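Me: I should like to learn how to read a protein model step by step. May we begin with a helix and then move on to other features?

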Amino acid sequence: MESPFQPLRRRFLQGAAALAVGALAPPAPARAAAGPATMTTVIDVDACNGCGACVSACRARNLARVPLPVHPIPQPYPPSVRIQDWSDRRDVTDCLTPYNWLYIQSCTIRTGGATRRVFLPRRCMQCVNPPCVNLCPAGAARQRATGAVYVDENFCIGDGRCIRFCPWMIPRRQSGVGIYLDLAPRYLGNGQVFRCDYCQDLLAEGLPPACVSACPRKAQHFGPRAEMFALAERLAAERNGDIYGRTINGGTNTLYVSELTFRDIEVELLRQDQIGVGRPSLRPPGATMAKENDLLGWVLAAPLAGAGLACLRLWRDRQKGRRP
């Protein structure tokens, strides 16, 4: 029988690992505030026909960046902790996975006496004040001045807090890859987290994300935040429609506009089983007491062993340096 102290022990060790890795990481860039440099996408739900060009463009650009895991994948401790392996399902495109960062969520909805199919390209919402950046213990989740939120693979140990604290649970984890393998893979972390990074390298060149450029119907618009908010407001006013992402979770840099209310779309997504793992809701829950307790547990446990884990990594690096 599992000891009641085992979960705390694992949390203790994971927190220590995070501090050890974080201590060696360069300072994270300051989070972007809403302003002229912040870039935003407006997705016109009424114009999207679900062709999947955006999904194909995203996969063409990013699929090769996600490594394959080592085999066998180390079983985390305790054994009840689940390995998450999508490496034999890399062709899956009907949900978010470590190998698929954008998918088309859809449902059928009856409106105006007719039946209509609704399509929503779903990826990272690119929050203005992202909880994944705020709460990543290793400092692996970061945000550029453009608003692009991304994961630095050099410091991610896949502990999964960014997944649990994302209101949409959008980040996805692949076990058996990442720097945790060089530490203590049974006890410290469980892989690496992957998610849309807003094509941060394209943004640095002044170009839009690949999904935006690929849309043949121009259903995705991209530009400075103030301009995109004005566009979303205009489109919604013309259709007496609805905007999603304007204020939720403190505001996001991905806005959806539709002549249908997103509350009605959410109802149909739920009814048609289109919400679940890797299939985000449109009405994310707020922080729960369980989440707050989890964060508190990490804050209390991690400092006790951070120095020890830093020493462990330095010792291992030194041992590797001595090998012929």
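Me: Which residues are exposed on the other side of α8, away from its buried ones?

Reply: Please keep in mind that this is a predicted model. To read a helix, one asks which residues are buried and which are exposed. On the other side of α8, the exposed residues are R263 and R271.

Me: Which residues of α8 are buried?

Reply: F262, I265, E266, E268 and L269 are the buried residues of α8. They lie on the same side of α8, because they cover an arc of only 165° around the axis. Their cover includes β2, β3, β9 (242-244) and β10 (254-258).

Me: What follows α8?

Reply: D273 follows α8, and its phi is positive, near 55°.

Me: How should I read the interior of a protein?

Reply: The general idea is that nonpolar side chains tend to be buried together in soluble globular proteins. In this structure, the largest nonpolar core has 42 residues, and V118, L120, Y256, F262 and I265 have the most contacts inside it. At least two residues of this core come from each of α2 (53-62), β2 (103-111), β3 (114-122), α6 (210-214) and α8 (262-271). The element that gives the most is β2, with 4 residues. Apart from this core lies another one of 13 residues, including A138, A141, V149 and C156.

Me: With which residues is F262 in contact, leaving aside its neighbours within four places in sequence?

Reply: F262 is in contact with V45, L120, D242, I243, Y244, Y256, V257 and L282.

Me: A loop may also be worth reading. Where is L260 found, and is L260 buried or exposed?

Reply: L260 is found in the loop between β10 and α8. L260 counts as buried because its relative accessible area is 9%, and the cut-off for buried is under 20%. If neighbours within four places in sequence are left aside, L260 is in contact with I109, T111, R116, V118, D242 and I265. L260 and I243 are 17 residues apart along the chain, and their C-alpha atoms are separated by 9.5 Å.

Me: How many disulfides does the structure hold?

Reply: One examines the distances between cysteine sulfur atoms. The structure holds 0 disulfides. C211, for instance, is in no disulfide, and the nearest cysteine sulfur, that of C199, is 6.3 Å away. C211 counts as buried, at 6% relative accessibility. C95 is also buried, with a relative accessible area of 6%.

Me: How does one read a pocket?

Reply: Rolling a probe the size of a water molecule over the atoms shows where empty space is left. Here, the second largest pocket has a volume of about 250 Å³. Its lining has 15 residues, and those closest to its centre are R65, V151, E153, Q192 and F194. β5 (149-151) and β7 (192-194) are the elements that give two or more residues to this lining. The largest share, 3 residues, comes from β7.

Me: Finally, how many helices and strands does the chain have?

Reply: The chain has 10 helices and 10 strands. Of its 324 residues, 52% count as buried. Among the contacts in the chain with a separation of 6 or more, 69% are accounted for by residues 24 or more positions apart.

Notes
Residues numbered from 1 in each chain as written. Predicted model: local features only at pLDDT ≥ 70, side-chain atom pairs only at ≥ 80, totals over all residues. Heavy atoms only, no water. Core = buried A, V, L, I, M, F, W, Y, C linked by side-chain atoms within 4.5 Å. Buried < 20%, exposed > 50% of the residue type's maximum accessible area, 1.4 Å probe, protein only. Contact = heavy atoms within 4.5 Å. Arc of directions from axis to C-beta. Disulfide = S-S within 2.5 Å. 1 Å grid on protein atoms, 1.4 Å probe; cavity = no way out; pocket = protein on both sides within 12 Å on 5 of 7 lines; lining within 4 Å. Points joined across faces, edges and corners; volume = space filled by probe spheres on them.
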